Amino acid sequence: MSYFMSAVLGFVQGVAEFLPISSSGHLTLFQHFFGLPETDQLFNVLLHFATLLAVCVVYWRDIWEMIVEFFCFFGDLFSRRNYRGNPPEARRMVLLIIVGTLPLFLVLPIKDEVEAFGNNPVFVCCALLVTGCILFLSDQMARGHKTVRSATLLDVLLVGVAQGCATIPGLSRSGCTISMGMVRGFDRSFAVRYSFLMSLPAVLGATLLEVLDVMKLEGGIPAENLPKYLLGMVIAAVVGYFSIKLVNLLASKGRFGAFAFYCWIAGVLFLLLNLMGWTMAPAA
């Protein structure tokens, strides 16, 4: 893998991970139609970890408050302290994230079968078209007013179901979860905030497991590839940071559905290219 390819893959990861256009779908289609070489598994894991760091930077205050409240909860439990009013907002956010993450456990037994859909470019293209419809309809929703204080457990559970469905290649995780939040009456800024914060435990857990597997198989990180890995990670993190800011801006202005047109164009274009048998992949 060259430095240029490392930078390209880092940029694609940083953009597609947070913009509602499906990072898994884009990587699949780019590799199929443009002959991009398969990135090694360890580098792919490190790129996801880099975009995870971007979420931590943008929402560092929320994350810190949730960590503090998580441990304070156990302190209050042992001291038998009870809140007469509402619990701290950060503590309630922890509860909402835990409940929203639960549906992912239902996907684990069929994880390999779901990921296998990514081997079919036609399926991924159709999933992109569906993503476009979801994004377009989300902007037709009336502005909601639910926040961390007023969102119900049913609300976040349904958002979690949307996250589980978005494991299908071509469906955008951020697009599905933010749109479902809007359907459930979430305030637009809260829908974006909750979507990205909810991704932290899922991505962190998956990253740790995959890193352990890769380290066992490969016996460590190849020293000669370390500079390339770091380059891709830095680009993915920086681009991811600005991608999160852009999603927040467009969602707050009711322009979230603008990505729908991109998904439709990309889905139709790649579908036509597949039907025509067009590819830039080198001949075997």
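Follow the chain from its N terminus and the elements run α-α-α-α-α-α-α-α-α-α-α-α-α. That makes 13 helices and zero strands, in what is a predicted model.

How are these pieces put together? Of the contacts in the chain with a separation of 6 or more, 85% are made by residues 24 or more positions apart. The chain has 284 residues, and 45% of them are buried. Its accessible surface comes to about 14,700 Å², and carbon and sulfur atoms account for 71% of that.

Now pick out one helix, H8, which covers residues 121-138. Its 18 residues reach 26 Å from the first C-alpha to the last, close to the 26 Å expected at 1.5 Å a residue. At its N-terminal end you will find a cap: a side-chain oxygen of asparagine 120 lies 3.0 Å from the backbone nitrogen of valine 122.

Which residues of H8 are buried? They are Pro121, Val124, Cys125, Ala127, Leu128, Thr131, Gly132, Leu135 and Ser138. These residues lie on the same side of H8, because they cover an arc of only 160 degrees around the axis. There is a general pattern to keep in mind here: an α-helix has 3.6 residues a turn, so residues three or four places apart point the same way.

Finally, move along to helix H9, residues 153-165, and look for leucine 158. Is leucine 158 buried or exposed? Leucine 158 is partly exposed, because its relative accessible area is 28%, and buried would mean under 20%. Leaving aside residues up to four places away in sequence, leucine 158 touches Met180 and Arg184. Proline 103 is 55 residues from leucine 158 along the chain, and their C-alpha atoms are separated by 8.7 Å.

Terms used. Residues are numbered from 1 along each chain as its sequence is written. This is a predicted model: local features need pLDDT of at least 70, side-chain atom pairs count only at pLDDT 80 or more; totals for chains, interfaces and linings use all residues. Side-chain values use heavy atoms; hydrogens and water are left out. Helices (H or I, at least four residues) and strands (E, at least two) are DSSP runs, numbered from the N terminus. The expected span of a helix is 1.5 Å times one less than its number of residues. Buried means under 20% relative accessible area, exposed over 50%, partly exposed in between (1.4 Å probe, protein chains only). The arc is that of the directions from the helix axis to the C-beta atoms. A polar contact is a pair of N or O atoms within 3.5 Å; within protein, one must be able to donate a hydrogen and the other to accept it, and residues adjacent in sequence count only if both atoms are side-chain atoms. Contact means heavy atoms within 4.5 Å. Accessible areas come from the Shrake-Rupley method with a 1.4 Å probe; for residues, only the protein chains shown count as cover.
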